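Q: Please take a close look at a single part of this chain. Then work outward from there and tell me how the rest is put together.

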Amino acid sequence: MHYLTIVISDVHLGTVDSKTRELSKFLKNNTCDRLILNGDIIDGWNLRRRGIWEKKDTRVLRRILRMIEQHNTEVIYVRGNHDDFLEKIAPLEIGNFRILENYELVSGGLRLFVTHGDIFDLVTSRFKWIARLGDWGYKLLLWINRQYHQYRRARGLPYHSLSQQVKNRVKLAVNFITGFEEVMTQFAHKRGYDGVICGHIHHPAMRTIGG
């Protein structure tokens with residue numbers, strides 16, 4: 001398939017749980033005029049802590065560069081909180097590649113505010129030590145999820161995300177996600193946008209809030 005715009009976020013290259021094989025395959029089989037990397041594509045927090053970067057991570061970046069070369073794809077990298085090292089160089093433009101803090105996408109007559117979303121997360125923006133503690137806990141949950149998946153696969157059972165199930169059942173997490181989306185919607189509405197495209201909360205959804 002060929003698309004006008006593809007948006008990807010929260011890949012977390014440099015971590016064990018990054019779905020690099022699936023992403024590389026997706027980008028190989030789908031082309032676009034514009035590719036928006038909406039934050040946390042590279043996990044700088046994890047790299048600073050453990051320094052793990054594998055060939056599979058490099059393959060994803062090479063695939064993106066190949067899209068620029070072969071299809072003249074415009075690539076917009078919107079920085080997130082895990083790749084906050086990009087703050088030092090944003091905004092930056094080199095040919096068809098740009099690094100930005102946020103981005104305005106006009107599509108189908110709509111003005112859409114594209115942001116990773118961490119600036120709307122009070123804990124991430126003001127209390128980074130709590131955010132890093134939460135990140136450690138999330139990594140532990142993913143590790144447990146990985147062991148659970150191996151157990152199910154060994155018994156011929158389909159993949160089931162234990163980490164997603166836990167998050168969906170924790171009331172605090174559900175309330176945070178709902179409040180997060182509503183605050184961003186209010187922000188965008190006051191500034192004349194028709195909608196918001198964000199990442200950050202690792203919870204895929206498409207919602208209509210107040211029109």
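**From one helix residue outward**

A: Glu181 sits in helix H7, which spans residues 171-190. The model is predicted. Glu181 has a relative accessible area of 12%, under the 20% cut-off, so it counts as buried. Beyond residues up to four places away in sequence, Glu181 touches Ile201, Ala205, Arg207 and Ile209.

Now the sheets. One open sheet has 3 strands in the order S6-S7-S8, with mixed pairing. Strands S6 (103-107) and S8 (195-197) are its edges; each has a single partner strand, so one side of each lacks a neighbour in the sheet. Neighbouring strands here are turned by 35° against each other on average, direction ignored.

S6 and S7 (residues 110-114) pair antiparallel over 5 bridges. Two of the partnerships can be named. Leu105 has Leu112 in S7 as its bridge partner. Val106 is matched with Arg111 in S7. The hairpin of these strands has 2 residues between them, and Gly108 takes a positive phi near 60° there. A salt bridge joins Glu104 and Arg111, with the closest N and O atoms 3.0 Å apart. Glu104 is partly exposed at 35% relative accessibility. Arg111 is partly exposed as well, at 29%.

The other open sheet has 5 strands, ordered S1-S2-S3-S5-S4, again with mixed pairing. S1 and S4 (92-94) stand at the edges; each has a single partner strand, so each has one side without a neighbour in the sheet. The twist averages 10° from one strand to the next. S4 and S5 (residues 97-100) run antiparallel and are joined by 3 bridges. Within that pairing, Glu93 has Arg98 in S5 as its bridge partner. Helix H3 lies across S2, S3 and S5, running at about 150° to S2.

What fills the nonpolar interior? The largest nonpolar core has 20 residues; Ile8, Leu27, Leu35, Leu37, Ile41, Ile64 and Tyr77 touch the most other members. At least two residues of this core come from each of S1 (2-8), H1 (20-29), S2 (31-38), H3 (55-71) and S3 (74-78). H3 gives the largest share, 4 residues. Leaving aside neighbours within four places in sequence, Ile8 is in contact with Leu23, Leu27, Leu35, Ile36, Leu37, Asn38 and Ile41. Another core lies apart from this one; it has 8 residues, among them Ile76, Leu100, Leu112 and Val114.

Next, the charged pairs. The count comes to 9 salt bridges. Arg98 forms one with Glu74, and their closest N and O atoms are 2.6 Å apart. Arg98 lies in S5 and Glu74 in S3, so this pair ties together parts that are 24 residues apart in sequence. Arg98 is partly exposed, with a relative accessible area of 22%. Glu74 is partly exposed at 23%.

Arg79 forms a salt bridge with Asp118, with the closest N and O atoms 3.2 Å apart. Arg79 is in the loop between S3 and S4, Asp118 in the loop between S7 and helix H4 (122-126), and the two are 39 residues apart. Both Arg79 and Asp118 are buried. The pair belongs to a salt-bridge network that links Arg79, Glu87, Glu101 and Asp118.

Note on methods
Residues are numbered from 1 along each chain as its sequence is written. This is a predicted model: local features need pLDDT of at least 70, side-chain atom pairs count only at pLDDT 80 or more; totals for chains, interfaces and linings use all residues. Side-chain values use heavy atoms; hydrogens and water are left out. Two strands pair if DSSP finds at least two bridges between them. Axes are lines fitted to C-alpha atoms, for helices over the stretch in contact, and angles run from 0 to 180 degrees between N-to-C directions. A nonpolar core is a set of buried Ala, Val, Leu, Ile, Met, Phe, Trp, Tyr and Cys residues joined through side-chain atoms within 4.5 Å. Buried means under 20% relative accessible area, exposed over 50%, partly exposed in between (1.4 Å probe, protein chains only). Contact means heavy atoms within 4.5 Å. A salt bridge is a side-chain nitrogen of Lys or Arg within 4 Å of a carboxyl oxygen of Asp or Glu.
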